[in-house]
Amino acid sequence: MKPDFGVPGQRVLVTAGAGGIGKAIATTFADAGARVHICDVDQTALASFSKERPDISASIADVSDVAQVDALFETVKRQLGGLDVLVNNAGIAGPTGRIEDIAIADWERCIAVDLNGLYYCTRLAMPMIKAAGGGSIINLSSAAGRLGFPLRSPYAAAKWAVVGLTASLAIEAGQDGVRVNCIQPGFVHTEATGNSFSPALADDLVARSALRRSGQPHDVASLAVHLAKPESSWITGQVIAVDGGMTVQPMADLSEISRRLYGADAVDDALGRPGAGTAAS
Ligand SMILES: NC(=O)c1ccc[n+]([C@@H]2O[C@H](COP(=O)([O-])OP(=O)(O)OC[C@H]3O[C@@H](n4cnc5c(N)ncnc54)[C@H](O)[C@@H]3O)[C@@H](O)[C@H]2O)c1
């Protein structure tokens with residue numbers, strides 16, 4: 001196994017790094033001395049990211065497109081000369097609705113980004129990380145990969161699948177010094193969540209968390225960087241929640257969040273639970 005010098009000098013790829021949690025992960029790695037490349041599907045976000053952080057190389061790629069991922073890894077080879085760490089961060093919320101109402105194209109798009117994208121990136125990253133003498137793969141799942149999320153089944157299905165992929169790859173690649181771990185964020189304030197989560201829902205989630213504060217992208221980023229450090233060299237195959245203690249509170253599923261997001265009546269009606277027509281959102 002190669003000598004472990006810590007984060008400085010590590011070559012890191014972060015998918016969907018131009019915004020949200022991915023941006024925090026990329027910049028935290030770079031600030032710790034890593035050489036970082038990001039990809040993103042959003043050209044405008046990439047341009048403003050590059051202006052802000054010219055020290056981090058960036059290129060366009062939709063992780064759900066095999067050809068674009070192939071081109072991304074050619075760029076990574078040119079820019080970084082190899083790879084020590086892959087952060088599979090890209091993920092979309094997917095459609096909302098009962099399984100029988102979800103359009104096939106919407107289901108497929110969610111699985112394509114949230115699951116297939118991890119596969120396309122990991123299959124190319126793995127030989128590079130092995131050739132580097134070992135390293136780390138960090139996958140972003142979600143609280144929805146730990147609990148059921150009614151009316152958000154494609155997202156939950158993909159995020160639970162990420163857990164199985166993490167465990168399997170950890171066993172497969174451990175002998176080559178490649179560690180594979182998974183982070184499950186709770187509600188984290190980003191532009192995207194800010195637009196879709198009402199202040200009332202955000203307050204409710206804070207009240208439900210043991211630590212009584214909302215999550216910020218840097219809360220997730222600091223764990224991602226820690227998982228790539230020598231201090232974590234005996235940690236693999238693990239699924240770690242970064243959620244302020246939300247999922248250790250008594251909560252059977254995320255249906256209360258669905259009720260707040262999509263309307264209590266609609267959700268209670270969809271789930272056949274008492275209260276439809278009477279509950280306040
Ligand atoms: N924010 C949260 O509360 C939260 C909670 C649990 C899990 N997560 C997971 O964390 C990860 C990051 O979430 P976020 O909230 O920062 O995301 P976000 O919605 O803020 O998006 C971040 C970036 O992803 C890019 N992106 C979207 N689709 C892409 C694709 N197909 N290929 C490449 N880039 C793409 C966007 O352009 C954007 O710049 C996701 O996997 C998400 O499921 C987030």
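## Ligand shell, sheet and helices in a predicted model

Author: The shell around the ligand divides into 15 nonpolar, 10 polar and four charged residues. Keep in mind that this is a predicted model.

Reader: What makes a residue count as nonpolar, polar or charged here?

Author: Just the residue type: Ala is on the nonpolar list, while Gly goes with the polar ones. Take the residues that come nearest to the ligand, out of 29 around it: Ala 16, Gly 19, Gly 20, Gly 91 and Ala 192. By that list, Ala 16 and Ala 192 are nonpolar, and Gly 19, Gly 20 and Gly 91 are polar.

Reader: Which elements each supply at least two residues of the shell around the ligand?

Author: H1, E2 and helix H6 (191-196) each do.

Reader: OK, on to the sheet. What makes E3 and E7 edge strands?

Author: The order is E3-E2-E1-E4-E5-E6-E7, seven strands in an open sheet with parallel pairing. Strand E3 (57-60) and strand E7 (239-242) each pair on one side only, and that makes them the edges. From one strand to the next, the twist averages 20°.

Reader: How do you know that E2 and E3 pair?

Author: Pairing takes at least two bridges, and E2 and E3 have four, in the parallel sense. One concrete case: Asp 40 has Ile 60 in E3 as its bridge partner. Between these strands the chain passes through helix H2 (residues 43-52), a right-handed β-α-β crossover.

Reader: And what about strand E5 (residues 135-140) and strand E6 (residues 178-185): how many bridges join them?

Author: Six, against that cut-off of at least two, so they count as paired, and they run parallel. Leu 140 sits opposite Ile 183 in E6.

Reader: Which helices pack on the sheet?

Author: Helix H1 (residues 20-31) is one of them, touching strand E1 (11-14), strand E2 (35-40), strand E4 (85-88) and E6. Helix H8 (residues 217-227) is another, touching E4, E5, E6 and E7. The direction of H1 makes about 165° with that of E2, and H8 makes about 165° with E6.

Reader: Last one: why are H9 and H10 called oblique or otherwise?

Author: The axes of helix H9 (residues 255-262) and helix H10 (residues 264-271) cross at roughly 130° and come within 6 Å. Roughly perpendicular stops at 115 degrees and roughly antiparallel needs over 145, so this pair is oblique. On the H9 side, the contact is made by Ser 255, Ser 258, Arg 259 and Tyr 262; on the H10 side, by Ala 264, Ala 266, Val 267 and Leu 271. These contact residues divide into five nonpolar, two polar and one charged.

Terms used
Residues numbered from 1 in each chain as written. Predicted model: local features only at pLDDT ≥ 70, side-chain atom pairs only at ≥ 80, totals over all residues. Axes fitted to C-alpha atoms, helices over the stretch in contact; angles between N-to-C directions. Parallel < 35°, antiparallel > 145°, perpendicular 65-115°, else oblique. Contact = placed C-beta atoms within 7 Å. Near = placed C-beta within 6 Å. Right-handed = clockwise from strand over helix to strand, strands pointing away.
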